[in-house]
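The following report goes through selected local features of the structure shown here, with attention to helix packing, cysteines, backbone geometry and residue surroundings.

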Protein chains: 2
Amino acid sequence: MRDELPALMSRRSLFSMIGKTAGIAVMYEAMATMAYAADSTFRQPIALTGAPKGSSVLILGAGLAGMVAAYELGKAGYKVQILEYQGRPGGRNWSLYGGDTYTELGGFKQNIEFDKGLYLNPGPWRIPHHHKAILHYCQLLGVQLEPFIQINYAAYVHSTKAFGGKPQRYRSVEADFDGYVAELLAKTVQQDKLDRPVTKEDREILLQALRGWGALDKNYAYVKSEDASNRRGFDHPPGGGLDAMPTPTDPVSLEDMIRGRLWRSIGSSKAYDVQQTMFQPVGGMGMIGKAFGKELGEIIRYNAKVTEIRQDKRGVTATFVDTLKGGAPQTAHADWCVCTIPASVLSQIPINVGAPMKAAIDALPYAASAKVGLQMKRRFWEEDEGIYGGITYTDQPNSMISYPSTDFFKRGKGVLLGAYTFGPNAVEFTAMPPEERIAKAVEYGANIHPQYREEFETGATVAWHRVPWTLGCAGSWTEETRAAHYNDICAIDGRIVMAGEHVSMIPAWQEGAVLSSLDAIGRLHKRIVQG
Amino acid sequence: MRDELPALMSRRSLFSMIGKTAGIAVMYEAMATMAYAADSTFRQPIALTGAPKGSSVLILGAGLAGMVAAYELGKAGYKVQILEYQGRPGGRNWSLYGGDTYTELGGFKQNIEFDKGLYLNPGPWRIPHHHKAILHYCQLLGVQLEPFIQINYAAYVHSTKAFGGKPQRYRSVEADFDGYVAELLAKTVQQDKLDRPVTKEDREILLQALRGWGALDKNYAYVKSEDASNRRGFDHPPGGGLDAMPTPTDPVSLEDMIRGRLWRSIGSSKAYDVQQTMFQPVGGMGMIGKAFGKELGEIIRYNAKVTEIRQDKRGVTATFVDTLKGGAPQTAHADWCVCTIPASVLSQIPINVGAPMKAAIDALPYAASAKVGLQMKRRFWEEDEGIYGGITYTDQPNSMISYPSTDFFKRGKGVLLGAYTFGPNAVEFTAMPPEERIAKAVEYGANIHPQYREEFETGATVAWHRVPWTLGCAGSWTEETRAAHYNDICAIDGRIVMAGEHVSMIPAWQEGAVLSSLDAIGRLHKRIVQG
C-alpha cells in the first residue's frame with residue numbers, strides 16, 4: 001500500500017536490485033553513520049555551477065520533472081527551453097476547476113461546472129511530510145500548503161459483504177481488530193504457548209502492553225466496556241450535567257471481525273508514503289505547476305507536440321508541430337536533452353537512442369487509474385456525520401471516498417473525491433464515458449451516504465488511459481521489468497537523459513518525478529563539465 | 001488516556017452510575033434506534049423560549065460554561081449578567097501572547113515575551129471533531145478553526161531507559177510493536193494453539209490479516225524487509241534515477257520492543273477524545289473566549305471577585321468586590337443563578353446551598369497540571385527533522401513535546417509546548433518558580449532535540465494550582481466521589497444551578513463545560529417556566 005498504485009507496485013523488486021547499481025555504496029556508508037533512518041534522499045537543494053558558456057539543454061515536457069530540470073539547469077547557466085504538448089504547465093500536477101474544459105481520448109469533452117474555489121485533483125492530491133524535494137520547491141515558489149487529513153476515525157470502512165452493507169466507523173473497526181488481536185495473543189501468552197522463548201518477566205510486560213493497547217478488561221478479554229467504548233465509540237457518549245452518563249457499544253463478534261474483512265483498510269495509513277503529517281497546496285495541487293510555469297515564463301513553449309527526437313554528435317533536435325496554429329513541423333535544437341515524456345507516449349515517437357534505452361521505453365506499461373470528483377450542494381459529511389477530511393474505504397468499484405481537507409465548517413458546497421480506482425476497477429471505469437463514470441460514483445457513494453441522492457450536483461472525471469498526453473496514470477514496473485530495464489532508462493544515452501516518476505523508485509508520486517529529475521540533471525551536468 | 005487528565009480520571013465510575021440517573025431512559029431508547037453510535041450528546045442548538053417577562057439570571061464566571069449560559073438565556077428572554085473575577089473573558093480558555101503579563105500565586109509575575117503571532121495555550125489546546133457543542137459555538141461566533149495534528153509518524157517516542165536514551169521515530173515504534181504482535185499471534189494461529197475455537201477458514205483469513213497488518217514475510221515473521229521498512233522507515237529511502245535503490249532498516253529485537261516500553265505511547269491517539277480529525281482555533285484557543293466576550297459585551301462585569309452567594313425565596317444575591325477600583329462590597333441580584341465558579345474556589349466562598357450540594361462542592365479536589373511554552377529562534381523540528389505538528393512522548397517529567405500545528409514551513413520562530421504534565425510531575429513542576437519550570441523543560445527537551453541549547457529564546461508557563469481563579473486544572477472525580485456527589489452537584493438547589501467541566505463526564509475538556517451549561521440551563525429554564 002506504499003504507493004499511489006498499490007495493486008501494481010512491487011517494492012521487492014527494488015531490493016533484488018540492490019548491489020546491481022554501482023557507485024552508491026559510498027552514499028550508503030554515509031547514511032549508515034547518520035543518527036536516524038533517513039526520511040528522504042533529498043538533503044539539500046541542488047546547486048549546479050559552471051555550465052560551459054553557451055551550452056544548451058532542450059527539455060521535453062513541462063511536468064514537474066521537466067520544470068525542475070529547466071529551473072535548475074537555467075540557474076546553472078545553461079540555455080534551456082521546454083517543449084510542452086499542452087497549453088498549461090504541470091502535466092499530471094493538475095487541478096480541474098469550474099470553467100475548465102477537458103477532452104479525453106474518444107472525443108468526450110467535459111465542461112467542468114464546479115463552483116468557484118472547488119476543484120478535483122485528477123492526479124496527485126497529497127504530499128507526505130518526507131517528500132522533501134517537492135516540498136522544497138513548494139517553499140521556493142511560494143506555494144502555500146495546508147494539512148491533508150489522511151487519518152480520520154470518523155470516516156467509514158464499508159463492505160457490501162459485511163454488516164449488511166452498513167458502513168462502519170473507522171474507529172470501531174480498528175478498535176475491534178486491535179482488541180481481538182490483543183485478546184487472542186494475551187491468552188496465548190498467559191498459557192505460555194508462545195512459539196518463541198520469552199522470559200516470564202517479558203511475558204508480564206507484554207501482557208500489560210496488550211491490555212492497554214487492545215483495551216482489554218482485567219481478564220485480558222475484549223468485551224463491551226468503558227475502555228473498549230473509549231476506542232470504538234459510545235451509544236450515548238459522555239456529556240454534561242444530568243445528560244452525562246455514557247452507554248457503551250457492543251463490539252462485533254470475533255468471527256464477524258475476521259470475516260467482515262474490514263481489517264483490510266485499517267492499516268492503510270501506516271504505510272510510509274501516507275504516514276501523517278501530509279499536506280496539500282491551498283487551492284489545488286495544480287498550484288505547484290502553475291507557480292513553476294509562472295517562474296519559467298517563456299522558457300516553456302506550449303502547444304508543441306513532439307513528433308521526432310534525433311541526436312547526433314553535435315546535439316539533439318526535436319521536431320514538433322504547433323497544435324494550435326498548425327503549419328509545417330518546426331524544430332528545436334540544443335546540445336543536450338532531458339526527456340520527460342511518459343514512456344507510454346515516447347514509445348510512439350521516433351527517437352534514436354541505443355537499443356537498451358529503447359527497449360526500456362517500450363517495455364514499460366502504464367497503470368490504469370480513474371478519479372471522479374462530485375460536487376455536492378451541501379457538506380453533509382461534515383454537517384450530518386462529523387467527518388472532516390480523511391478517507392472512507394469501500395469494496396465497491398469506486399474504492400474510496402475522500403472528503404475535502406479544506407474549507408472545514410464552511411456552510412455551502414463541496415467537492416468529494418467520489419472514486420479513486422486502480423487495476424480492474426480502473427479499467428472498467430476507463431471503458432465508460434465520463435457521465436457514466438460520474439453516475440456510477442454517485443450510485444456507489446449513495447450506498448454509504450444516502451444524502452448523495454439529494455445533494456449531488458455536478459461531476460468531473462479523469463480516466464488516465466484516456467488522457468492524450470500520458471496514456472495512463474504512471475509507469476507500472478514489475479520486478480522483472482525493473483531488473484531488466486531500470487538502469488537502462490536511467491542511463492544517459494548519448495546526449496539524452498530521461499526523467500519523470502517512471503524513472504524513479506517512487507512511481508506515481510510527484511517526489512519520484514522531482515528526485516528523478518535532480519538525479520538526471522546532476523549526472524548530465526557532470527557528464528557535460530567533465531566531458 | 002481518554003481525558004486531558006489521563007492519570008486522574010476513571011471512566012468506570014461513570015458506568016457504575018448508569019441507571020442511577022432518572023429521566024434519560026427515553027433518550028437512550030431514541031439513541032438506540034439511530035443507525036450508528038452517537039458521537040456527541042449535542043445534536044442541535046438549544047432553543048429556549050418563553051422566559052417569564054422580567055425574569056433574570058445571574059451568572060458567576062465568564063468561562064465557556066458561564067458565557068454559553070448568558071448567551072442562550074439572554075436569547076430566551078432572560079435578563080442576564082455575568083460577574084467575572086478576571087479582566088478578560090474565557091477562563092481556562094486562554095492563550096498567552098507577547099506583551100501579556102501573568103501573576104500566579106506566590107507572587108511570581110511573568111512578562112510574556114513571545115514574538116507577535118506566537119502563543120501558549122495554558123489550558124485547552126485541541127478540539128476533537130465530535131465535540132460538537134464547542135464546535136457549534138465556534139461556528140456561531142465566527143471563530144476560524146484549523147486542523148490540530150494529533151498523529152505524526154515523524155515525531156518521537158523517548159525513554160531515558162531504552163535505546164540508550166535515543167528517541168525513536170513514532171513510525172518505527174508502532175511498526176515494531178504491530179509486527180511482533182502479529183508474528184507472535186500468527187505463529188499461534190498456525191500451530192492451532194488459540195484459546196478459543198476458530199474455524200480453519202477463519203484462521204486462514206486471520207493469518208492473511210496479520211500478515212498485511214503486521215508487515216510480516218511469507219513465513220509470518222517480522223524481519224528486516226521491504227514491507228517492514230515500508231512501515232518503520234528506510235536507511236536510504238526510495239528515490240529517483242540512479243539514486244533510487246532503497247536500503248531497509250533493522251527492526252529492534254522482540255525483547256527490546258517489549259522492555260523498551262515505548263509501546264506505552266503508540267496507542268495514545270486511539271482514545272476517543274483524541275481521535276483525528278482534531279482542530280484548534282487560528283491564533284490560539286483563547287479566540288473562542290474573546291469572541292464570546294465580544295458577543296456578550298457589557299453583560300460581563302469584569303474584575304468582580306465574588307465573596308458571598310445568598311439565595312432566598314425571592315432570588316439570589318452575590319456580593320462582590322471590584323478588584324481594580326476597590327471600595328465597598330457591592331451586590332448583584334437576580335431571580336436565579338448559574339454558578340460556574342470552580343469547586344476549588346467556590347468551596348471557600350460562603351454560599352447557602354443545601355447540604356448535599358455543599359458536600360459535593362467540598363468533596364471535589366482539583367487536578368494538578370502544568371504547561372511550559374518555549375519560543376525557539378528557528379523551527380528546527382520542521383527544518384532539521386521533518387516534524388510538522390504532532391506530539392513527542394517522553395518518560396521525562398515534561399511528559400511530552402508538542403509542535404505547533406500552524407505556520408507550517410514558515411521560516412522563523414515558533415513556540416513549542418515543551419512540557420504538559422500531570423500527577424506527581426505536575427506537582428513537582430508546580431512547586432518550582434516559573435523560570436525553573438522553563439529551565440527544566442529546556443533541559444529535558446534538549447535530550448530529545450539538542451538544538452534546544454542553541455535555539456531557545458524565551459518561555460512562559462502556567463502551573464494550574466497556582467492560578468488564583470481556579471486553584472487547579474480541572475475537577476478530579478474518583479469513582480467514589482462521583483457515586484456520592486455527582487448527581488448532587490448537578491441538581492438545582494433552590495435557585496442555583498452549577499455548570500462547568502466539573503459538572504460533566506468530560507472533565508478538563510471545553511466540551512464538558514459547554515454541555516454541562518446547556519444541560520443546566522435547559523433544566524433551569526424548565527423549572528422556571530413550569531414553576
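In this predicted model, helix α10 of chain B, which spans residues 286-296, has as its buried residues Gly286(B), Ile288(B), Gly289(B), Ala291(B), Phe292(B), Gly293(B) and Leu296(B). The residue that follows α10(B) is Gly297(B), and its phi is positive, near 55°.

**Helix packing**

Two packed helices are described by the angle between their axes and the distance between the axes. In chain A, helix α3 (residues 64-76) and helix α18 (residues 510-530) pack at an angle of about 40°, and their axes are 8 Å apart. The crossing in which α3(A) passes α18(A) is right-handed. On the side of α3(A), the contact is made by Leu64(A), Ala65(A), Val68(A), Ala69(A), Glu72(A) and Leu73(A), while α18(A) contributes Gln510(A), Ala513(A), Val514(A), Ser517(A), Leu518(A) and Ile521(A). By character, the residues of this contact of α3(A) with α18(A) divide into nine nonpolar, two polar and one charged.

In chain B, the axes of helix α12 (residues 355-363) and helix α17 (residues 479-490) come within 8 Å and cross at roughly 125°. How are α12(B) and α17(B) oriented relative to each other? With that crossing angle of roughly 125°, α12(B) and α17(B) are oblique to each other, and the crossing in which α12(B) passes α17(B) is left-handed. The residues of α12(B) that take part are Pro356(B), Met357(B), Ala359(B), Ala360(B), Ile361(B) and Ala363(B), and they meet Thr481(B), His485(B), Asp488(B) and Ile489(B) in α17(B). The residues of the contact of α12(B) with α17(B) comprise seven nonpolar, two polar and one charged.

**Cysteines**

A disulfide is a covalent bond between the sulfur atoms of two cysteines. With a pair of cysteine sulfur atoms required to lie within 2.5 Å, the count over all chains comes to zero disulfides. For Cys339(A), which is in no disulfide, the nearest cysteine sulfur is that of Cys337(A), 5.5 Å away; because the cut-off is 2.5 Å, this pair does not qualify. Cys339(A) is buried, with a relative accessible area of 1%. Cys138(B) is likewise in no disulfide, and the nearest cysteine sulfur, belonging to Cys473(B), is 19 Å away. The relative accessible area of Cys138(B) is 0%, and Cys138(B) is buried.

**Backbone geometry**

Most residues other than glycine have a negative phi, and most peptide bonds are trans. The table gives the cis peptide bonds that join Gln276 and Thr277 in chains A and B, together with the positive phi values of Ala508(A) and Asp407(B).

| Site | Feature | Value |
|---|---|---|
| Gln276(A) to Thr277(A) | cis peptide bond | omega near 5° |
| Gln276(B) to Thr277(B) | cis peptide bond | omega about 10° |
| Ala508(A) | positive phi, not a glycine | phi near 75° |
| Asp407(B) | positive phi, not a glycine | phi about 60° |

Thr277(A) lies in the loop between α9 (263-266) and β13 (278-281) of chain A, and Thr277(B) is placed in the loop between α9 (263-266) and β13 (278-281) of chain B. Ala508(A) is found in the loop between β24 (496-498) and α18 of chain A. Is Ala508(A) buried or exposed? At 16% relative accessibility, Ala508(A) counts as buried, because the limit for a buried residue is under 20%. Asp407(B), by contrast, sits in the loop between β21 (400-402) and β22 (414-422) of chain B and counts as partly exposed at 26% relative accessibility.

**Surroundings of two chain A residues**

Thr461(A) belongs to strand β23 (residues 456-463) of chain A, and is buried, with a relative accessible area of 0%. Leaving aside residues up to four places away in sequence, Thr461(A) touches Tyr102(A), Glu104(A), Gln110(A), Leu120(A), Lys371(A), Val372(A), Pro434(A), Arg437(A) and Ile438(A). Thr461(A) and Arg261(A) are 200 residues apart in sequence, and their C-alpha atoms are 29 Å apart in space.

Lys224(A) is located in the loop between α6 (200-214) and α7 (226-232) of chain A, and is partly exposed, with a relative accessible area of 43%. With residues up to four places away in sequence again not counted, Lys224(A) touches Pro248(A), Thr249(A), Asp250(A) and Pro251(A). One of these, Asp250(A), is 26 residues from Lys224(A) in sequence and 5.2 Å from it in space, C-alpha to C-alpha.

Note on methods: Residues numbered from 1 in each chain as written. Chains lettered and ligands numbered in written order. Predicted model: local features only at pLDDT ≥ 70, side-chain atom pairs only at ≥ 80, totals over all residues. Heavy atoms only, no water. Axes fitted to C-alpha atoms, helices over the stretch in contact; angles between N-to-C directions. Helix = DSSP H or I, 4+ residues; strand = E, 2+ residues; numbered from the N terminus. Parallel < 35°, antiparallel > 145°, perpendicular 65-115°, else oblique. Left-handed = near helix turned anticlockwise from the far one by under 90°. Contact = heavy atoms within 4.5 Å. Nonpolar A, V, L, I, M, F, W, Y, C, P; charged D, E, K, R; others polar. Buried < 20%, exposed > 50% of the residue type's maximum accessible area, 1.4 Å probe, protein only.
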